[in-house]
Amino acid sequence: MYCCWINDEGKEVLASLFNLASQYYGPEANRLIQQICGAPPALSGSNCFLVTRNLCLQFKWFSWITVYSIVASFSIFCLGALYFAQFIREVLDFGHLVSVIFNTCQAIGYMLFIRVAAQWFSLNKAWLEMEVAMKKYDRPPNDARRFKITTVVLMLMALVEHVLCNYSIFQRSHNCPGYQKDPLKAYFAVCCAEIPVVLSTFHWTFIDLFIIIISAALAERFRQLNRVVLRSPVAVKDAFFWREIREDYTRLWTLTRTVDRSVCHLITLSFGSNLFFICWQMFNSLKPMKGVAETVYFFLSFGYLLARTATVSVYCCWINDEGKEMLLSLFNLPSEYYGTEASRLIQQICAMPPALTGSNYFAVTRGLCLQIKPNHSVIVVSPDRAVDMVKKTPAQRAQHQVSADRRKSSFYRAIGPVLIMSQCFGLMPVNGIMRRDITYIHFKWLSPKMFYCLSAIIGAVVTTVLYFIQFINYDKQFPDIVNIVFFSSSAICGVLFIKLARAWLSLNEKWLSMELAMRNCPFQPNITRRLWITTVVIMSLALVEHVLSIVRNWSRSLHCPSASTDPVKTYFGVSFSHAFLYVSYSGWISFFMEVGIILATFSWNFSDLFVILMCSSLAERFKQLNRKVYHAKVKNEQFWKEVREDYTRLAMLCKSLDNAISHLVTLSFGNNLFFICVQLFNTLKPLKGLVNTIYFVCSFGFVLGRTAALSVYCCWINDESKNILGNLFEVPSEDYGTEASRLIQQIAYCPVVITGSNYFAVTRGLCLQVAGAIITFELILVQLGPILLKTDKDETLFCL
């Protein structure tokens, strides 16, 4: 390494020489370039070879590293063959077949890494050329720190998982006849060939780690290029600027293809093996678990597998995300700076976006992760602020206040009372939301609102843990799983609203900038009335549903023997059995538990309500723009330029909104679909009593209605953003110019959508897919209903 350092530093000046301006480039610079390229400084070995990085990266078939890899692959393959023989001999035991698949996959993985090693030199050469070409940009990514942290975390988790696996096997070996005489012999009789098993386990994790590191390094380079586009002032974005950006983008795209050719088969193997073992673990969850060691190992192994698969997916998708990030910045380019180079770059990004693939059978994008047909979400970069909202003098603040005649259309003033209501239940701990000027909005970690919010989150986490302990120790009943999901979702919702509170000022500044830019646009919407009506309807229905839930629990508590003597104590004992199984009854504990349930119920409903309010407010602005276009009498080039600029402002605001609430959208859709499936499963059971029947019908109807409203309002943005296309296609030929063409291209290539963490876009098509999935689940329940009812246990009633 130190010998190579001489050669590296000797060639370091080359990039500066190649970037030298023409007026400074002369014979001396040319001589220095020729000298460095012709005879670079380097130590040698008896003048037979030069000690450079190229020497260090040579691949040889006849080397101890290659031989070690081949021997490891062969030993793992032999272990898989032994498992296959055992699978045939022992009446097709499925557990042995899983071991066969596991070892076969790892043997193939070793061969694929030998293939990558043979291509490693050419891959690093292409990567180095890209780095030299992009050295003109500031702030290169710090990959080393990210790689070290990722490696340590994944490998430590793999080590813990492997140790727990061995301990679980050791516990199983107690049942062997010879355990008392020789425990180690009994253990190795259960787990044979320990060294190949260790190699397989390490290799299985390292495949994912390698893909993560490669993807992160490549995505960071796309991110570096996006930062250059974002931070460069508009005045320098001429044809030469976009030519350089396009050439660098092409270099990164070509490097992505080169990397993909090397690792595409590893990606296929990684995704295939991970998905297979996820299905296998889900199958194992149906079996009873013997002992605490096996239970702990199962949950840790399954959780680690899910987390690792999700991490691989996210990092592979990151390349595709960053590769499309500059699209809207290109669409937002003023007409005087829009030329051939910008148009070529748009076509290149839209026609062939960069992405890693699985042996060219599938491209790893966000849509693939949920097996939803990928569509291009709006990819936006932050614009230069139209209005500087820095707090200065009162006169400057007054300049940014919304005029009194437009308060009904001001989103900031309309949403304020709704947020005050949420703060009463421990959500959205942001200050200054009811002030006349948005510059008073601020977030503080040390504030009563933040303390209240954190207390609610901690209470939800404690309740989740108590329900989980009850699930493990007491008959593993299905209602406990429902409560675990409910309270854990409440805790996650509280964390997401803290994250949103920190970004609330920035989002409102962008929203106000849009409102000021569109203040002369006709047909101003009355947002305040819509927000209040929606809030009152949804929260009133939520209150009715919660009251019916209390009445249902009260009716259940009447079956306890102590109900006649102390009905209140009996009610709290039935409602909070997860707490009173471990501590004695207390009125204060019952009070705090009841408050926790109210807060969790509110957060469950308010997350949907908040997304609905945000989406409907933005959709109204798109509707306003559509009405302006529809009623306009003169539609010349200047008119379409104004429309395109307004549309771009709304599209950029939609992306900012999506960045703020996309995780809330994912949580809301996941929660609602889970509880719809739970209620569908409950339809198989006979309903006991009138109260249970009324509660079930109202609760199920409310969940369905709220999910439908959430889907429709999220889709509304996408629907309104595309309505303008019909007017564009009807433009007469004499009025059709560059601005109308750019707007059509922007709408077609970069549709405006709200997403769920960029994994799925909420459109009308998604709503139909969700409805189809629910109907499919219902048909499966109809077919498997009798079997499920036999295996499902009746809910146990805990009485104090």
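Okay, let's start with a term: a polar contact here is a pair of N or O atoms within 3.5 Å, where, inside a protein, one has to be able to donate a hydrogen and the other to accept it. Keep that in mind for S273. The backbone oxygen of L269 lies 2.8 Å from a polar atom of the S273 side chain, so with the 3.5 Å cut-off that pair is in range. And one caveat before I go on: what you're looking at is a predicted model.

Staying with S273 for a second. It sits in helix α10, residues 239-284. Is S273 buried or exposed? Buried, with a relative accessible area of 6%. Leaving out residues up to four places away in sequence, S273 touches C105 and W204.

Right, let's zoom out. The protein chain has 28 helices and 0 strands. There are 800 residues in the chain, and 48% of them count as buried. Accessible surface comes to about 40,000 Å², with 64% of that belonging to carbon and sulfur atoms. And if you take contacts with a separation of 6 or more, 79% of them are between residues 24 or more positions apart.

Now, the core. In soluble globular proteins, nonpolar side chains tend to be buried together. In this model, the largest nonpolar core has 148 residues, and the members touching the most other members are I245, W504 and F610. Which helix gives the most to this core? That's α24, residues 637-682, with 16 residues. There's also a second, separate core of 23 residues, and F471, V482, I597 and F696 are among its members.

Let me pick on F610, one of those well-connected ones. Again skipping anything up to four places away in sequence, F610 touches L419, F497, L500, W504, I661 and L664. So W504 turns up on the contact list of F610.

That L419 contact brings me to helix packing. Two packed helices are described by the angle between their axes and the distance between the axes. Take α16 and α23, where α23 is residues 587-631: the axes come within 12 Å and cross at roughly 180 degrees. That makes the two helices roughly antiparallel. On the α16 side you've got F411, I415, V418, L419, M421 and S422, and they meet F602, F606, L609, F610, L613, M614 and S617 in α23.

What about α16 and α20, residues 527-557? Here the axes come within 8 Å and cross at roughly 25 degrees, and these two are therefore roughly parallel to each other. The meeting residues in α16 are A414, I415, P417, V418 and M421, and in α20 they are I527, T528, L531, W532, T535 and M539. If you compare the lists, I415, V418 and M421 meet α23 and also meet α20.

While we're on α16, look at Q423, which lies in that helix, residues 411-423. Q423 is buried, at 11% relative accessible area. What does the Q423 side chain make a polar contact with? The side chain of K449, at 3.3 Å. Beyond the four-place window, Q423 touches M428, P429, V430, I433, K449 and Y452.

Back to α24 for another buried polar residue. N671 lies in that helix, and at 7% relative accessibility it counts as buried. The N671 side chain makes a polar contact with the side chain of S489, at 2.8 Å. N671 also touches V485 and W604, with the usual exclusion of residues up to four places away. And N671 and V703, 32 residues apart in sequence, are 9.9 Å apart C-alpha to C-alpha.

Not everything I flagged is in a helix. Where is L333 found? In the loop between α12, 327-331, and α13, 340-351. L333 is buried, with a relative accessible area of 2%. Outside the four-place window, L333 touches K237, W242, Y338, A342, R644 and R742. Its C-alpha is separated by 7.9 Å from that of V234, and those two are 99 residues apart along the chain.

Last one, for contrast: I694, in helix α25, residues 690-722. I694 is partly exposed, with a relative accessible area of 38%. I694 and E545 are 149 residues apart in sequence, and their C-alpha atoms are 10.0 Å apart in space. That's my tour, thanks.

Terms used:
Residues are numbered from 1 along each chain as its sequence is written. This is a predicted model: local features need pLDDT of at least 70, side-chain atom pairs count only at pLDDT 80 or more; totals for chains, interfaces and linings use all residues. Side-chain values use heavy atoms; hydrogens and water are left out. Helices (H or I, at least four residues) and strands (E, at least two) are DSSP runs, numbered from the N terminus. Buried means under 20% relative accessible area, exposed over 50%, partly exposed in between (1.4 Å probe, protein chains only). Contact means heavy atoms within 4.5 Å. Accessible areas come from the Shrake-Rupley method with a 1.4 Å probe; for residues, only the protein chains shown count as cover. A nonpolar core is a set of buried Ala, Val, Leu, Ile, Met, Phe, Trp, Tyr and Cys residues joined through side-chain atoms within 4.5 Å. Axes are lines fitted to C-alpha atoms, for helices over the stretch in contact, and angles run from 0 to 180 degrees between N-to-C directions. Angles under 35 degrees count as roughly parallel, over 145 as roughly antiparallel, 65 to 115 as roughly perpendicular and the rest as oblique.
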